[in-house]
There are 2 protein chains.
Amino acid sequence: MSDVTLAPTARVILGMVRMGKRTGYEIKQLVDVSARFFWTTSYGQIYPELKRLEKQGLVRGEADPTGGRSRTVYSLTRAGDAALDAWLSSPDELVWEMRDEGLLKLFFSEGRDPAELRDHLRSVRERSEAVAARLRELGPVAEGAGPGPPMVREFGIALNEWLAGWWKRAEESIDA
Amino acid sequence: MSDVTLAPTARVILGMVRMGKRTGYEIKQLVDVSARFFWTTSYGQIYPELKRLEKQGLVRGEADPTGGRSRTVYSLTRAGDAALDAWLSSPDELVWEMRDEGLLKLFFSEGRDPAELRDHLRSVRERSEAVAARLRELGPVAEGAGPGPPMVREFGIALNEWLAGWWKRAEESIDA
DNA sequence: GACATACCTATCGGGCCGATATATCGTGGC
DNA sequence: GCCACGATATATCGGCCCGATAGGTATGTC
């Protein structure tokens, strides 16, 4: 039937909605606290995409105002559930992207002042340490959603600790 | 003077051009082989950006056709050199982004068939192994440009090996 | 009652990717 | 000498996406 190709953001939305009825606002919040280090979204993407998904029959929106404040709560339709499952079990190539200005500066570091380079390496390391610390403080998120969210959180902590270690070693190799 | 704010792509272009006069085509090739795992560009970005940079006086393009094939070779102006230096030594916050559909699928894995999940973990691991192998095969790139490029290459190999190890451990923890 | 903070929807400018189109050059095979 | 093919080179389009901003209501606190 509805042989829909999901845009990347649509997949996140369907997944988050399956964790419980959600408003666009809640989806954004959830992504920000639980997936920030490996996925981002923006309101400018979420609200139009929710409408597109509703038009495609993959989600259903119900008006559920809080007093005089308009509010639309979304839930998955059967088709939306199937589309999410189809994506989850498809062997399609998975997007993996990284965009790191810290590495870019290192790449172009020829001829720069060694002291400046050392400062740079330190600040990049501190950035990773800060991310790891924030993930640790945050604690488990999206409880009751299976082992995925805690595993992903562990991944984020371990990755950022590894990154911090790499930049630390780079710093030391410059000194030597 | 020219208090120019560089777009992210502009920084890559200036850096690559400083490594030697370059055409848009060569810039794209260089990014693809040496920075692919942490930065990307596209022709659709490079050519318009080169023109913008020329208009801002940061690069200078010279026509240098190969027979009947048009070709424009760019070099840095003094202002472009200064703008690149200014960015390299600025303490501005550095973009760091990751976009990983593998983690996304893991995040939403609740209720899925364990065998499917194991397949997923394996394919993500193999992806990282393949990237590490490709970087290793590629060998050093952009020689004579200081310690940056080889260090970045080492980073890429080490990162992807670490990633492969993490997914491997995740696989084993599922089995247990 | 005032004020800050959280909740909720919406939109715009512009960066950016992937694909595609067009054309020439160099090389190897025949 | 010719053809096919891959590399070189520039250009553009559709569409995804981010960050910022704007405008509004509810809730909690002093």
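Ala, Val, Leu, Ile, Met, Phe, Trp, Tyr, Cys and Pro count as nonpolar, Asp, Glu, Lys and Arg as charged, and the others, Gly among them, as polar. This is a predicted model: local features need pLDDT of at least 70, side-chain atom pairs count only at pLDDT 80 or more, and totals for chains, interfaces and linings use all residues. Residues are numbered from 1 along each chain as its sequence is written, while chains are lettered from A and ligands numbered from 1 in the order in which they are written.

**Exercise 1.** Describe the surface near DNA strand C by class and by element.

*Solution.* Start with the term: a residue is near a strand if its C-beta atom, placed from the backbone, lies within 6 Å of it. Next, sort by class: six residues are nonpolar, 15 polar and four charged. Then find the nearest of the 25 residues: A:Gly44, B:Pro8, B:Gly44, B:Gly67 and B:Gly68. Last, list the elements that give two or more residues: helix H2 (24-34) and helix H3 (43-55) of chain A, with helix H1 (8-18) and helix H3 (43-55) of chain B. Helices (H or I, at least four residues) and strands (E, at least two) are DSSP runs, numbered from the N terminus.

**Exercise 2.** Do the same for DNA strand D.

*Solution.* Around DNA strand D there are 25 residues, and A:Pro8, A:Gly44, A:Gly67, A:Gly68 and B:Gly44 come nearest. At least two residues each come from helix H1 (8-18) and H3 of chain A, and from helix H2 (24-34) and H3 of chain B. By class, this surface has six nonpolar, 15 polar and four charged residues.

**Exercise 3.** Describe the contact between chains A and B.

*Solution.* Two residues are in contact if their C-beta atoms, placed from the backbone, lie within 7 Å. Chain A gives 44 residues and chain B gives 44 residues. On the side of chain B that touches chain A, H7(B) gives the most, with nine residues. That side holds 26 nonpolar, eight polar and ten charged residues. Now look at the strands, which pair if DSSP finds at least two bridges between them. Strand E3 (residues 96-100) of chain A runs antiparallel to E3(B), joined by five bridges. There, A:Arg99 stands opposite B:Glu97.

**Exercise 4.** How are the two copies related?

*Solution.* Superpose by least squares on the C-alpha atoms of residues with pLDDT of at least 70 in both. A turn of 180 degrees and a shift of 0.0 Å along the axis lay chain B on chain A with an RMSD of 0.0 Å. The copies are therefore related as by a two-fold rotation axis. In chain B, the C-alpha of B:Met98 comes closest to this axis, at 2.2 Å. Finally, 100% of the interface residues of chain B are also interface residues in chain A, so the copies meet through the same surface.
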